[in-house]
Amino acid sequence: MIFPAARVMLLTLLRDRGALAMAFVLPPLIFVIFAAIFSSAGGDQLRLHVGIADLARTPTTAQLVQVLREEPTLRVTYRDDATAESVRGLVKDGAVDLGLILRSDLNERGAGAPVLLVTHEARAIAGAIMAGHLQRLLAVHMPDVAFAQVLADLEAIGGITSEQRIWIDETFKEKADETRDDPRMRDAGLVASESALPQTAGWAVSYYAGAVAVMFLLLAAVQGAVGLIEERRLGVYDRLLAGPGAIAAIILGKFLFLVAQGTVQAGLVFAAAYLLYDVNFIASFGPWLTTTLAVAAATSALALGLCVLCSSRQQAQVLSTFVVLILSAAGGSMVPRFFLPPWLQEAGWWTPNAWSIQAYSSALTPGSSLMSLWTAWGILIAMAAGALLFSLTISLRRRSV
């Protein structure tokens with residue numbers, strides 16, 4: 001009985017050409033895409049997106065801006081009229097990974113650290129990475145500034161006299177080129193850090209709550225939509241299809257159920273985040289609910305569109321698993337998007353995951369741009385409408401669901 005059972009499964013797979021192709025073609029494709037994603041997270045393809053405001057406008061800050069703009073491992077957004085608040089807004093809206101505000105000349109320490117890093121709690125590690133970039137860039141391209149900081153620290157603890165400081169300055173000016181690669185150069189005291197968000201708990205977790213919610217809604221919606229194929233096979237809809245507009249009614253009925261189910265599921269995810277991690281979505285319940293409905297609509301319509309393309313349950317399961325994995329990885333549900341290579345970050349905007357995460361972030365972050373929120377809502381609703389229209393068109397042409 002063992003070999004006959006295996007033979008039956010083999011024949012079933014061989015007869016279903018679509019499922020056969022998906023079973024053996026999609027795995028290497030998934031590997032290639034995931035290899036690109038995870039190799040870039042720890043390699044030289046990681047390129048942080050930095051927003052810069054030069055408030056000091058001194059020769060040293062201008063030089064640092066130029067160095068940062070020419071650095072191949074960074075992507076820089078810079079405008080001459082940028083302000084501290086505009087940079088903080090970019091960080092809040094997720095337009096950049098972090099902000100850099102140059103508050104005073106790099107050789108001055110009287111008013112505190114001249115460089116201010118503005119970070120987002122959901123991307124806190126980007127601040128530590130950027131601090132390392134600054135240390136390296138100063139040592140390589142601006143060793144005089146890095147060395148001046150060492151001297152300032154020594155003076156602060158009484159390590160050298162003012163006369164010694166003058167002599168060291170003169171000596172260093174003569175030998176600056178020789179010390180460009182000195183590993184002892186430091187940026188201590190040069191950089192301060194602040195969060196763009198109020199100092200309350202839950203901001204980092206809110207990102208992952210949105211990321212997990214949209215991925216789970218995709219998986220759950222696909223499982224619900226696959227029922228179309230099984231019900232078609234069992235003849236459940238034979239009588240319903242005899243009536244006028246029956247196909248559209250069945251598709252729309254499934255869609256409404258999946259939207260309601262997804263809304264409840266997202267509510268449970270955020271309720272757990274609220275109880276365990278203080279993610280206060282209740283304070284922004286209206287924008288959160290609108291976002292959740294838009295996310296549920298987009299994921300439900302996409303799931304229905306995938307299932308109407310398939311002729312068997314096995315095809316639908318393989319295809320939907322592949323699509324959900326790719327959308328989740330490229331859209332930021334598995335790995336924060338700033339870890340992805342730039343080309344994949346751009347491709348991620350074609351996924352509902354990226355726009356869902358953006359919508360949740362804008363809805364729950366105080367002071368976020370309304371334009372950013374409305375844009376995310378509009379694109380999610382457009383995705384839902386397009387996928388639902390596609391499902392209806394394919395089903396009506398086939399005269400079946």
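**Exercise 1. Decide whether Asn 353 is buried or exposed, and describe its surroundings**.

Solution. Asn 353 has a relative accessibility of 0%, and because buried means under 20%, this residue counts as buried. The structure examined here is a predicted model, and within it Asn 353 has its place in helix α14, which covers residues 352–364. The next step is to look for a polar partner: the side chain of Asn 353 makes a polar contact with the side chain of Ser 333, at 2.9 Å. The last step is to list the neighbours, leaving aside residues up to four places away in sequence; Asn 353 then touches Val 214, Met 215, Leu 218, Leu 327, Ser 328, Gly 331 and Ser 333.

**Exercise 2. Find which residue forms a salt bridge with Asp 81, and classify both partners by accessibility**.

Solution. Begin with the distance: the closest N and O atoms of Asp 81 and Arg 79 are 3.0 Å apart, and these two residues form a salt bridge, one of four that the structure holds. Then turn to accessibility, where the cut-off for exposed is over 50%. Asp 81 reaches 53% and therefore counts as exposed, and Arg 79, at 54%, counts as exposed as well.

**Exercise 3. Work out which residues are joined with Arg 88 into one network of salt bridges**.

Solution. Step one is the pair formed by Glu 85 and Arg 88, a salt bridge whose closest N and O atoms are 3.0 Å apart. Both residues belong to helix α4 (residues 84–93), and because they are three residues apart there, about one helical turn separates them.

Step two compares how accessible these partners are: Glu 85 is exposed, with a relative accessible area of 57%, whereas Arg 88, at 18% relative accessibility, counts as buried.

Step three brings in Glu 194, which also forms a salt bridge with Arg 88, with the closest N and O atoms 2.5 Å apart. Since Glu 194 lies in strand β5 (residues 191–195) while Arg 88 lies in helix α4, this pair ties together parts that are 106 residues apart in sequence. Glu 194 has a relative accessibility of 24% and counts as partly exposed.

Step four puts the pairs together: through salt bridges that share partners, Glu 85, Arg 88 and Glu 194 are joined into one network.

Key: Residues numbered from 1 in each chain as written. Predicted model: local features only at pLDDT ≥ 70, side-chain atom pairs only at ≥ 80, totals over all residues. Heavy atoms only, no water. Salt bridge = Lys/Arg side-chain N within 4 Å of Asp/Glu carboxyl O. Buried < 20%, exposed > 50% of the residue type's maximum accessible area, 1.4 Å probe, protein only. Helix = DSSP H or I, 4+ residues; strand = E, 2+ residues; numbered from the N terminus. Polar contact = N/O pair within 3.5 Å; in protein donor to acceptor, adjacent residues only side chain to side chain. Contact = heavy atoms within 4.5 Å.
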